[in-house]
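Colleague: Can we go through one of the chain contacts, and then a pair of helices?
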Number of protein chains: 8
Amino acid sequence: MAKVSVVMGSDSDLPIMSACMQALDRFDISYEVLISSAHRLPEDTASFAKNAEERGVEVIIAGAGGAAHLAGAISALTPLPVIGVPLSGSALGGVDALYAVVQMPRGIPVATVAVDGAFNAGILAAQIIGASDQNIRQRVKQYKEDLAQQVRKKNQKMQQIGFREYLDEKAK
Amino acid sequence: MAKVSVVMGSDSDLPIMSACMQALDRFDISYEVLISSAHRLPEDTASFAKNAEERGVEVIIAGAGGAAHLAGAISALTPLPVIGVPLSGSALGGVDALYAVVQMPRGIPVATVAVDGAFNAGILAAQIIGASDQNIRQRVKQYKEDLAQQVRKKNQKMQQIGFREYLDEKAK
Amino acid sequence: MAKVSVVMGSDSDLPIMSACMQALDRFDISYEVLISSAHRLPEDTASFAKNAEERGVEVIIAGAGGAAHLAGAISALTPLPVIGVPLSGSALGGVDALYAVVQMPRGIPVATVAVDGAFNAGILAAQIIGASDQNIRQRVKQYKEDLAQQVRKKNQKMQQIGFREYLDEKAK
Amino acid sequence: MAKVSVVMGSDSDLPIMSACMQALDRFDISYEVLISSAHRLPEDTASFAKNAEERGVEVIIAGAGGAAHLAGAISALTPLPVIGVPLSGSALGGVDALYAVVQMPRGIPVATVAVDGAFNAGILAAQIIGASDQNIRQRVKQYKEDLAQQVRKKNQKMQQIGFREYLDEKAK
Amino acid sequence: MAKVSVVMGSDSDLPIMSACMQALDRFDISYEVLISSAHRLPEDTASFAKNAEERGVEVIIAGAGGAAHLAGAISALTPLPVIGVPLSGSALGGVDALYAVVQMPRGIPVATVAVDGAFNAGILAAQIIGASDQNIRQRVKQYKEDLAQQVRKKNQKMQQIGFREYLDEKAK
Amino acid sequence: MAKVSVVMGSDSDLPIMSACMQALDRFDISYEVLISSAHRLPEDTASFAKNAEERGVEVIIAGAGGAAHLAGAISALTPLPVIGVPLSGSALGGVDALYAVVQMPRGIPVATVAVDGAFNAGILAAQIIGASDQNIRQRVKQYKEDLAQQVRKKNQKMQQIGFREYLDEKAK
Amino acid sequence: MAKVSVVMGSDSDLPIMSACMQALDRFDISYEVLISSAHRLPEDTASFAKNAEERGVEVIIAGAGGAAHLAGAISALTPLPVIGVPLSGSALGGVDALYAVVQMPRGIPVATVAVDGAFNAGILAAQIIGASDQNIRQRVKQYKEDLAQQVRKKNQKMQQIGFREYLDEKAK
Amino acid sequence: MAKVSVVMGSDSDLPIMSACMQALDRFDISYEVLISSAHRLPEDTASFAKNAEERGVEVIIAGAGGAAHLAGAISALTPLPVIGVPLSGSALGGVDALYAVVQMPRGIPVATVAVDGAFNAGILAAQIIGASDQNIRQRVKQYKEDLAQQVRKKNQKMQQIGFREYLDEKAK
């Protein structure tokens with residue numbers, strides 16, 4: 001049984017959206033991955049949204065580009081928290097998707113992350129689950145410490161070898 | 001039986017959307033006016049969209065603001081042409097609604113008019129009906145001639161009295 | 001006799017605008033393709049716009065970039081519905097064309113589709129013709145079902161092989 | 001003990017942010033309300049963020065305008081889910097706050113709602129709590145049904161009295 | 001015989017466009033003022049554009065808002081320099097008009113001034129006439145000196161009375 | 001003696017700005033080409049601006065990117081008409097240069113062309129000179145006819161061979 | 001002798017720019033206030049910029065709107081740090097001024113603050129002086145502590161009386 | 001002991017941020033280079049900000065992209081002047097970082113330079129140090145003269161060989 005549903009509007013979104021699954025894998029959170037579409041497959045999307053809760057899903061992540069309605073269309077039909085990932089594929093470069101995902105009307109929110117921010121959608125799902133699950137919450141804490149540690153190590157390395165050599169190594 | 005369905009996401013959209021009915025009245029095109037919402041009333045909206053065709057509707061006009069999904073959500077479920085009116089009520093002033101209405105994905109178009117362009121949505125509906133209905137088409141032609149005549153008369157008046165007096169009269 | 005006229009401002013627009021003809025071909029809707037220009041060939045464009053109706057054209061599609069006036073210039077001179085395709089070629093990336101196409105003044109609408117949305121312009125033309133032509137309308141319905149079926153199949157495949165293998169296949 | 005912490009960068013944000021408390025009141029979710037500031041009171045903000053978890057807070061809501069760092073600064077120091085409300089007070093009208101809240105770097109998400117979307121921040125907090133709390137989830141469902149019912153009633157009224165009279169009543 | 005034609009798309013543009021005539025009056029440059037419209041009165045606009053040259057006009061100023069095509073439509077049909085004034089009346093606040101006026105295609109320029117910059121359009125017309133007319137050029141020079149003198153005087157006054165008293169006087 | 005001065009802020013602007021000289025060459029209008037900079041070489045730029053008139057220059061064209069002040073800085077010091085070309089080189093893609101060139105204060109206009117519109121700056125200079133020079137004006141007319149003829153020929157060719165073959169030929 | 005020069009492009013900028021003097025007054029930093037203009041008074045502005053250093057000025061603050069070149073024009077002619085305040089008065093609402101102030105070319109920076117951020121320009125000037133002046137630096141520290149204390153007090157008050165009463169008091 | 005601290009949010013910012021060190025090297029100003037992060041390493045960033053002053057740092061430069069809070073987070077905790085460099089790496093191309101860096105609230109300024117303007121951040125730091133250090137100030141003056149000289153030389157070369165040959169040489 002999946003705790004998180006990751007839905008995307010098209011299989012062309014998969015390369016970016018897969019960062020989402022990568023994040024969830026870090027916390028051993030079970031998930032399912034679906035292609036649906038608010039516009040091309042509206043009724044399946046509606047059925048999915050209405051049934052997700054019963055199937056035990058706790059958080060839904062939806063990624064779409066352009067007039068990105070997927071997250072909003074799902075949020076309209078479920079009491080579960082819905083995370084929206086605006087994708088940058090269109091000619092307007094993602095600002096269209098951002099506005100279409102985040103500017104939801106009173107009563108029906110979408111928890112929006114950065115344009116192409118699929119990885120963070122996964123982290124946010126973990127934080128939402130961690131709001132009540134101490135194990136996941138501890139792992140989120142650990143993840144943040146690891147993140148801090150990584151930056152610290154990079155900084156230490158740069159202090160040791162100097163920024164010029166660091167830059168040379170990166171360029172290789 | 002209504003030829004045109006005018007749908008809006010909230011009754012607060014009615015003052016702007018009523019320009020739409022004003023335009024349709026010019027051509028004696030029958031219409032119905034509904035409040036529905038892609039996000040607050042998704043299933044009624046879906047039923048409406050799926051049944052509009054059978055009920056004899058030929059063109060649908062949908063106005064919404066913010067993450068304006070109404071026109072797209074309807075277009076997803078009907079073979080009828082759907083005209084979208086992006087509304088300017090949100091903090092971002094309508095550019096959000098414009099992007100959310102116009103940037104539809106491949107296969108599911110929305111015929112988008114200007115931000116707050118409800119009157120033009122009515123004219124466009126008349127033009128769409130006039131694509132096959134010679135009577136309406138003649139009336140659209142006449143409307144355009146009237147429009148031209150109005151501008152011509154204003155210009156003639158300004159030529160007669162001069163722009164300063166014209167300006168004074170307007171200011172009164 | 002063409003039911004749809006597809007006009008573009010420059011032959012450099014043809015690669016993107018040809019998606020429009022591809023869409024019309026799906027529905028066996030007859031069309032003509034023209035290069036004209038509101039700015040470089042204004043009088044031919046005006047003649048075209050004024051005569052289109054008499055020649056039996058029912059819908060006009062006009063694609064242009066930058067200060068994209070082609071659709072508006074045509075709409076000014078015909079009672080037919082005009083679909084505008086804003087193109088993204090300029091340094092401002094298409095937002096200029098979008099505003100120049102969609103923000104038409106009261107009385108003279110342009111049915112605007114997404115930036116570079118030439119394919120959808122063709123679909124919208126079919127929907128407009130289908131407003132009165134049951135055959136075309138049925139084919140639009142069928143097209144939408146096919147579209148839904150395609151997404152469904154992609155989803156089924158991903159459920160079978162998993163998103164990782166699906167991603168690998170796409171990358172090949 | 002408060003389940004939700006509502007933090008705002010300035011007391012001038014309170015009129016808009018109070019919609020947040022109004023939403024939480026609907027679900028009888030306990031909350032605390034604080035003024036803090038990522039820039040003017042950074043250390044208190046950091047202490048708050050680090051201790052929120054221990055104090056039993058499950059969700060944090062942070063509203064700020066301009067270079068709105070409050071939500072991000074808190075998210076950096078807690079494993080709890082943080083909801084960001086971009087506020088529109090600055091000369092750039094909220095697009096600055098939206099970008100500053102939503103475009104968070106890999107690893108540290110903020111669940112962003114619409115510009116000035118304080119009410120929806122409260123609903124989203126309820127949905128997050130409802131991800132594990134069946135009682136709250138049921139109330140969220142009920143709330144959505146009430147919302148649908150409200151729109152339905154408005155529509156029914158408009159169908160009965162006609163849009164013109166409806167408009168007249170609203171204008172009063 | 002008018003040297004400058006000032007054309008505007010609607011009589012509602014007259015309050016802003018009259019600053020243009022005010023500027024031309026400074027240099028005793030003869031002008032005519034017309035209301036025409038690229039969209040509502042396309043053929044009169046075309047006739048005007050084609051005949052302006054023969055009637056002795058040397059510079060054309062065109063002001064319009066929204067999908068502001070007036071300046072471009074005129075430039076398409078005359079060898080005369082055309083100055084475009086983007087107007088801010090639409091819901092998008094003038095950025096639409098600016099893009100629609102300035103982003104003209106290769107071969108057909110419009111000399112664009114600031115949004116609502118009608119006064120500067122008049123100054124620019126004077127500068128264009130002054131390119132070959134020494135009298136007007138001298139008066140443009142004088143105008144610029146007067147402008148400098150005005151700023152200098154304001155500064156001198158502020159130095160004398162101090163900025164606080166200066167501010168108080170302005171507030172009265 | 002040069003009638004037109006073409007100034008650019010950096011030699012990196014030369015590839016785009018050279019389209020300007022190409023346009024002027026069409027009309028055998030004499031010109032000079034300079035690199036100057038409002039920010040890096042402010043005093044030379046000021047001297048240039050103040051002396052241009054005496055040296056017989058009639059029109060100045062200035063191209064710059066980013067906070068593009070060159071055209072405005074020159075316009076401040078000459079009664080001659082100044083054409084500004086906003087260039088797209090910066091991270092913000094030219095919208096910064098457009099605003100910095102076009103939004104000039106009351107009294108000091110810059111005749112702004114499209115982003116990277118160097119060719120049109122040359123055409124506009126010819127139109128300005130043609131305002132008083134019948135020979136140049138006739139050549140501008142001829143140029144516009146040639147332009148029209150080119151589009152017409154492309155259209156004729158496409159009518160003959162069909163858009164598919166036309167597209168194939170272009171792709172080669 | 002003034003340590004800080006506060007320059008503004010027009011006396012209409014004084015109401016907003018006076019917040020700058022208010023900030024400097026907090027630190028007893030001596031200043032002068034001038035009206036100059038990069039476009040209307042370019043030579044006086046240039047003289048001012050070149051002489052400021054000799055007159056003992058250490059920091060220059062320049063505020064302007066629209067195509068806001070004042071700060072850049074001054075920075076071009078002085079080795080002193082120049083702080084730019086983009087002002088929001090134009091039809092484009094300040095985004096034009098922001099881009100024109102901040103996007104300076106390589107070699108000639110302007111230290112840009114928020115749109116209408118005149119108060120912060122004063123604080124930044126104090127911080128710059130405080131980089132070498134321990135007395136001013138201590139006062140900046142004290143100012144920041146006062147600022148923190150203010151927010152803390154507001155928060156304490158809200159904790160005591162509750163946000164509802166706090167809101168009521170503010171509304172009075 | 002470093003006079004300038006250059007901090008960046010990620011080692012991926014180093015290639016652009018290294019232009020900063022290049023600028024400081026010109027003036028033999030001592031500096032340190034650090035990787036820290038307002039979001040991933042908030043406490044180390046806070047410690048750094050609080051201690052910088054004591055360690056003898058006089059100016060801090062902070063570069064970050066997206067919801068770029070680094071400069072603001074540091075400015076919140078130090079009386080030193082903080083220069084912010086908005087970086088363009090995100091899907092929104094740097095406008096997000098610009099708004100997040102420059103739109104700081106009253107009391108806590110960040111001296112913002114252009115998007116990706118790391119070199120200018122170094123020059124600005126030199127100017128700030130030069131506000132009290134005559135040696136550095138003289139070198140800034142010299143730098144500006146060198147800059148002017150470079151442009152002058154390029155111009156002279158172009159005058160000698162003509163723009164066509166100059167263009168050819170550049171293209172090689």
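Colleague: How many residues do chain F and chain E each give to the contact?
Modeller: Chain F gives 42 residues and chain E gives 42 residues, where contact means heavy atoms within 4.5 Å. This is a predicted model, in which local features need pLDDT of at least 70 and side-chain atom pairs count only at pLDDT 80 or more, while totals for chains, interfaces and linings use all residues. Residues are numbered from 1 along each chain as its sequence is written, chains are lettered from A in the order in which they are written, and side-chain values use heavy atoms, with hydrogens and water left out.

Colleague: And how much area do chain F and chain E bury between them?
Modeller: About 3,500 Å², 57% of it on carbon and sulfur atoms, taking buried area as the accessible area (1.4 Å probe) that two parts lose on being put together, summed over both. In chain F, Pro79(F), Arg106(F) and Pro109(F) lose the most area to chain E, together 16% of what that side buries.

Colleague: How many salt bridges cross it?
Modeller: The rule, a side-chain nitrogen of Lys or Arg within 4 Å of a carboxyl oxygen of Asp or Glu, finds four between chain F and chain E. One salt bridge joins Glu53(E) to Lys141(F), with the closest N and O atoms 2.9 Å apart.

Colleague: Switching topic, at what angle do H4(B) and H4(C) pack?
Modeller: Helix H4 of chain B and helix H4 of chain C, each residues 95-102, pack at about 90° with their axes 13 Å apart, which makes H4(B) roughly perpendicular to H4(C) (65 to 115 degrees). Helices here are DSSP runs (H or I, at least four residues), and axes are lines fitted to C-alpha atoms over the stretch in contact, with angles running from 0 to 180 degrees between N-to-C directions.

Conventions: Helices (H or I, at least four residues) and strands (E, at least two) are DSSP runs, numbered from the N terminus. Angles under 35 degrees count as roughly parallel, over 145 as roughly antiparallel, 65 to 115 as roughly perpendicular and the rest as oblique.
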